[in-house]
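Please take me through this structure stop by stop. I have it open in a viewer and want to know what to select next and what is there.

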Amino acid sequence: MANFVLFCAAVIAILCATILNRTPGNYELILTPFAALSAARQQPELYRAMLMNVFLFFPLGLTLSNALPQKWHRWGRIILTTLVGCALSAGIEYAQYRYALGMAEVDDVICNTLGAFIGSTSLLIAHAIEKSRERAWHTNMTLTTTETQFLHIAKAAISGGDLPAEKVDWPAIFTLANQQKLLPILFEAARKTPAAEENAALFAVTKQQVIGQVLNQTVRSAEFSDLYHKLRSAGLHPIVVKGQLCSRLYPLKDHRISADDDLYIPDAEFMACHKQLLANGLTTDTPPDELASADEVSYTKNGSPLYIELHRHLFDSAEDAHDELNHFFVGLNPVETDGFLAMPPHEHLLYLLLHAYKHFVRSGIGLRQFCDIGLWALEYHDEIDWQRLHDQCASVHAATFAAAAFRIARDYLGIDFDLPMPWDASIDVEPLLHDTLCGGVYGSNDLTRLHSSTVTLNAVKASRTGEKSSVLRTVFPKREYLERRYPYLKKRPYLLPVAWVQRIAHYASEKQAGTDNSASGSIKLGKERIELMKRYGIMD
């Protein structure tokens, strides 16, 4: 629209310069092409006149070419712009001849048309810059040698097969595995290889770390199972999500390390479940006056690894999150699965995909989530309505991302399940994998990445509403985004400026405490991840 307005202004300026400000008088007609070039040999001033005729139509070419619909091919826009410039120039020359307003020359039409064409070639320059940035971005998003080896080892550990024959940087591999919460699974595959003897000290230290993680997970699983059955005995119907349900799909279920256990409870039972959790020794930091409206409440137990997240809604209904995803899970008919109430297999796979999608939009996901998705799709393949699943994902801009998740599970983790139409199995997933391995589980590797979530969330919301994303909105987000961190905003929205100051002060203290936090780095990473989201259809 801005370019169209400027185009109209350019046309008016051209008409004023060539017709509207002139008075009738003598006229002359020169139809010989390039006659001005011959005359300029004796009158060099004519070179300047020809150059001015080129410059006169340059703004027209620049603005009209960018005002035309971007879905048209750039060469189509260039040709149309050039033709419009030629037609306008010819019309002006005819008017000058018809009303005796000056000399009418074919050379003027040629120069004007050339100016319009040069202006329109800004599209080619912009395209070249975009391609250059895309090449640089793609180079930065390719898998490193260590990441490729890690994926090879992860595939062998999860689906069987041989480990890499070439030299492996085991310290780097174990660091990656720990960041991805896959250390016990990878170590189990690697400890039987000759590499264990060759790197005895490293493997001994890692073994102790694995034993600690598995023991902690075993205790967590046992305590959760005991707590869950107490909740059921109290007449409650909490639905288990992820966690224990996904663990049972792994050969060694307690080797799947999780930080928490999620329960989805009907709204009518939320407060009763809350009281039962308190009665069983768990505590929460959520103030009592917020329990009636909280989407999610976290509970811990002193001296226990239990960490429970009780959900009234599966997705945060605050403006900054993905409230539109909740409607897929209204009116669920839970099924019994290994002593737990669970969503039907189709809905649970949809949830795994959308949960991964939500975290990807924020700051990143983990490779284990792709593994969960693949193992669930393999186990319940015949109970999934694949066409409906695709339509559901497509309705919330998640179909391409979900297809990428399936390809990673199949091609990079070796989880062999059939992917029927209309799912696209040929998507380039290497940039997504690189982002996943760089960020750790949920993008928790560093504060710079976590803070970049404000940039990406703001951009995704803007793309949905047609608004323009801005750095200013990143620094000063809306009240709804800050309500979870600063609950006082729910009752006192006028304190939003106070929350902004508090947020900036908190960020400054984090920056002083560590080196993995950079404001400029967060914005740069956020912009890179926005390009990644465009690649996978989440944003236009």
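The tour starts with the whole chain and then moves through single elements and residue pairs.

**Whole chain.** Show everything as a cartoon before selecting anything. This is a predicted model. The protein has 25 helices and nine strands. Of its 540 residues, 48% are buried. Among contacts with a separation of 6 or more, 69% join residues 24 or more positions apart. Switch to a surface view: the accessible surface is about 26,100 Å², and carbon and sulfur atoms hold 58% of that.

**Nonpolar patch.** Keep the surface on and select Leu51, Met52, Phe55, Phe58, Leu62, Trp75, Ile79, Leu83, Leu114, Phe117 and Ile118. Together they make a nonpolar surface patch of about 1,000 Å². Helix H3 (45–67), helix H4 (74–98) and helix H5 (106–120) each give two or more residues to this patch. H3 supplies the largest share, with five residues. Now pick Met52, which sits in helix H3. Its relative accessible area is 45%, so Met52 is classed as partly exposed, below the 50% mark for exposed.

**Helix H7.** Next select residues 145–159, which form helix H7. The 15 residues should span 21 Å at 1.5 Å a residue, and the end C-alpha atoms are 21 Å apart, in agreement. Colour Glu147, Gln149, Phe150, Leu151, Ile153, Ala154, Ala156 and Ile158: these are buried residues of H7. To see what covers them, add helices including H8 (170–179), H9 (183–190), H15 (367–379), H17 (399–412) and H18 (430–439). Then step to Gly160, just after H7, where phi is positive at about 90°.

**Glu223.** Move to helix H11 (residues 200–233), where Glu223 lies. With 25% relative accessibility, Glu223 is partly exposed. Leaving aside residues up to four places away in sequence, Glu223 touches Ser304, Pro305 and Leu306. Draw a distance between the C-alpha atoms of Glu223 and Pro305: they are 8.6 Å apart, with these positions 82 residues apart along the chain.

**Salt bridges.** The count of salt bridges is 15. Three pairs and one network are on this tour.

- Select Arg248 and Asp338, whose side chains form a salt bridge at 2.7 Å, N to O. Arg248 is in the loop between helix H12 (243–247) and strand S4 (261–264), and Asp338 is in the loop between strand S8 (335–337) and strand S9 (340–342), so the pair links distant parts of the chain, 90 residues apart. Arg248 is partly exposed at 24%, whereas Asp338 is exposed at 57%.
- Select Arg312 and Asp267, a salt bridge with its closest N and O atoms 2.4 Å apart. This pair also links distant parts of the chain: Arg312 is in the loop between strand S7 (307–311) and S8, and Asp267 is in the loop between S4 and helix H13 (270–279), 45 residues apart. Arg312 is buried at 8% relative accessibility, while Asp267 is exposed at 52%.
- Select Arg388 and Asp385, which meet at 3.7 Å, N to O. Arg388 is partly exposed at 35%, and Asp385 is partly exposed at 37%.
- Select Glu188, Arg191 and Lys192, which are linked in a network of salt bridges.

**Cysteines.** How many disulfides does the structure hold? It holds zero. Finish with two of the cysteines: Cys8 is partly exposed, with 30% relative accessible area, and Cys273 is buried, with 0%.

Conventions: Residues are numbered from 1 along each chain as its sequence is written. This is a predicted model: local features need pLDDT of at least 70, side-chain atom pairs count only at pLDDT 80 or more; totals for chains, interfaces and linings use all residues. Side-chain values use heavy atoms; hydrogens and water are left out. A disulfide is a pair of cysteine sulfur atoms within 2.5 Å. Buried means under 20% relative accessible area, exposed over 50%, partly exposed in between (1.4 Å probe, protein chains only). Patches are made of residues with over 30% relative accessible area and no salt bridge: like charges are joined within 9 Å, nonpolar side chains (Val, Leu, Ile, Met, Phe, Trp, Tyr) within 5 Å. Accessible areas come from the Shrake-Rupley method with a 1.4 Å probe; for residues, only the protein chains shown count as cover. A salt bridge is a side-chain nitrogen of Lys or Arg within 4 Å of a carboxyl oxygen of Asp or Glu. Helices (H or I, at least four residues) and strands (E, at least two) are DSSP runs, numbered from the N terminus. The expected span of a helix is 1.5 Å times one less than its number of residues. Contact means heavy atoms within 4.5 Å.
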